[in-house]
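This report describes selected features of one protein model, from its nonpolar interior to its charged surface. The sequence and structure are shown first.

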Amino acid sequence: MKVYILVISLFFLEFSFAQEKPSEKVWSLQDCITYALENNITIKEASLNTSIAEVDYSKAKSSRLPNLFGSASQNFSNGNAIDPITSSYVTDQIYNTNLGINSSMTLFQGNQINNRIKQNKLVVEQNTFLEEEAKNNIVISILQTYLQALYNKEGIVIAKNNLAASEKEVLRAKSRFDAGSIALNDYTEAQSQSATNKYNLITSKNTYQQYLITLKQLLELPPTEDFEISDQSNSLMSAGFDKMDIYNKALNYLPEISSSNTNIAVNKKELDIAKGGYLPTLSLASSIGSGYTSINDSNFTDQLNLNFNQKIGLSLSVPIFNRNQTKAAVQTASINIEKAEIQKQTVVKEVYKKVETAYQNAISAQEQVVAATASKEAATQSYKLAQKKYELGALSTTDLVISQNTFTNAEQNYLQAKYLNILYYQLLQFYQGNDIKL
């Protein structure tokens, strides 16, 4: 009775521990994308670059304001000297104190300040587009890696089924060999096929784990965290595509196009800033101050009152010749505008290449799915028939192995066509600004 109670207690204790054990999270594609957009370090770095650009923009706006500096000095001189407070020529030991507040402000500088502010605002916009581009690149990387992982996950199932089938065939071959109905080479060939299928299963599992590692790195998950993806419904995508419509939508949606346009505007502002170097600079400066000198009989406070002074003045600087520095800056800015326009053309070509490639691959994948489906169905029927013949002794082991390999290749080809179909369909949706959904 005591033993019975002890067994029941252990059962409930184990059950309670099983209830407390947290279940491993299974990640969907959307889970991966959402998490990566918040945690991927490439995106964080792009976001920090945007923050730096915003700081520079704020600093540029503050350049309109006057500066303000306070100053204080204490000096000692001995012998012949000019008193800095009274400007008298004396021969004595002099202690003097100077106190002051200075301020200056640029009133006009060839409109360079305003253009610099506008340029920095454009740089903020450009970094925002670059941040969006970084997010898009991560989303596409996750989509590709996730589908590769799903492809290999289904490949594991195929490899397991092949191994199970080949192990049964080894048992049949052994029975037939022991009965003397087949030769030794037929039996060893069945063993070889089973070993090959076991090797393929191990390779499939390893490849699958490698893609999970890549996904974890894209998500910035720690190495110790368990990670598994969901067996999502991966229905085939079949739809008509208008290539030019997709291309035009991509030009309006993808941030790299907007970034290129903004880059041209930034360089045009740099040209305006450089041209401002030809114009004069007008500045306002003012100061207040006072001081104390030891050769004056008045005390420190009285001297500060007596020596209190105020200054204000305008300063005009007219560029006459600065060794062609401004001219060179204007020429460089003009060249950079042309470079930015060429870079935009390159980006537009890259976008067209992406759309064209995805479009052609999507069309090809649709046709491949149809062909691979027919091939898979035929290979399946042929392999089932070969198995039945082998069971009846009407087929050699070599022919059975050939039939199984043909069936395996047909299944792999179908899987490849299936996931290529899904990948390129989703890429075409993404280039149009639509959400990725499996």
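## A positive patch and its loop residue

In this predicted model, R64 is situated in the loop that joins α3 (41-62) to β2 (67-82). Its relative accessibility of 42% makes R64 partly exposed. Together with K61, K118 and K121, R64 forms a positive surface patch.

## The largest nonpolar core

The largest nonpolar core contains 50 residues, and those touching the most other members are I142, L219, F227, I229, L427 and Y431. At least two residues of this core are supplied by each of α2 (29-39), α4 (112-178), α5 (184-219), α6 (243-253), α9 (325-391) and α10 (397-431). Helix α4 provides the largest share, namely 13 residues. In soluble globular proteins, nonpolar side chains tend to be buried together.

Helix α4 also holds residues that are not buried. One of them is Q144, located in helix α4, which counts as partly exposed because its relative accessibility is 36%, between the limits of 20% and 50%. The C-alpha atom of Q144 is 9.5 Å from that of L427, although 283 residues separate the two in sequence. L427 is itself among the core residues with the most contacts to other members.

T128 is likewise placed in helix α4, and it is partly exposed at 34% relative accessibility. Between T128 and Y57 the C-alpha separation is 13 Å, and the two residues are 71 positions apart along the chain.

## A nonpolar surface patch

Which residues make the nonpolar surface patch of about 500 Å²? The patch consists of L107, F108, Y278, L279 and L314. Of these, L107 belongs to strand β3 (residues 89-109). With a relative accessible area of 42%, L107 is partly exposed.

## Salt bridges

The structure contains 11 salt bridges. In one of them, E391 pairs with R172, and the closest N and O atoms are 3.1 Å apart. E391 lies in helix α9 and R172 in helix α4, so this bridge ties together parts of the chain that are 219 residues apart in sequence. Both partners are partly exposed: E391 has a relative accessibility of 48%, and R172 has a relative accessible area of 30%.

A second long-range pair involves K354 and E256, whose side chains meet in a salt bridge with an N to O distance of 3.5 Å. Because K354 lies in helix α9 and E256 in helix α7 (residues 255-275), the pair ties together parts that are 98 residues apart in sequence. Is E256 buried or exposed? At 9% relative accessibility, E256 counts as buried, whereas K354 is partly exposed with a relative accessible area of 33%.

The bridge between D245 and K249, at 3.4 Å from N to O, lies within a single helix. These residues are four positions apart in helix α6, so about one helical turn separates them. D245 is partly exposed at a relative accessible area of 33%, and K249 is also partly exposed, at 37% relative accessibility. In addition, K153, E228 and D231 are linked in a network of salt bridges. As a general point, side chains of opposite charge can pair when their charged atoms come close.

## Residues with positive phi

E220 is not a glycine, yet it has a positive phi of about 60°. This residue is found in the loop between α5 and β4 (228-229). Its relative accessibility of 30% places E220 in the partly exposed class.

R323, also a residue other than glycine, has a positive phi near 60°. R323 lies in the loop between β6 (309-317) and α9. Why does R323 count as exposed? The reason is its relative accessibility of 66%, which is over the 50% limit for exposed residues.

Terms used. Residues are numbered from 1 along each chain as its sequence is written. This is a predicted model: local features need pLDDT of at least 70, side-chain atom pairs count only at pLDDT 80 or more; totals for chains, interfaces and linings use all residues. Side-chain values use heavy atoms; hydrogens and water are left out. Patches are made of residues with over 30% relative accessible area and no salt bridge: like charges are joined within 9 Å, nonpolar side chains (Val, Leu, Ile, Met, Phe, Trp, Tyr) within 5 Å. Accessible areas come from the Shrake-Rupley method with a 1.4 Å probe; for residues, only the protein chains shown count as cover. A salt bridge is a side-chain nitrogen of Lys or Arg within 4 Å of a carboxyl oxygen of Asp or Glu. Lys and Arg count as positive and Asp and Glu as negative; His and the chain ends are not counted. The place of a charge is taken as NZ of Lys, CZ of Arg, CG of Asp or CD of Glu. Buried means under 20% relative accessible area, exposed over 50%, partly exposed in between (1.4 Å probe, protein chains only). A nonpolar core is a set of buried Ala, Val, Leu, Ile, Met, Phe, Trp, Tyr and Cys residues joined through side-chain atoms within 4.5 Å.
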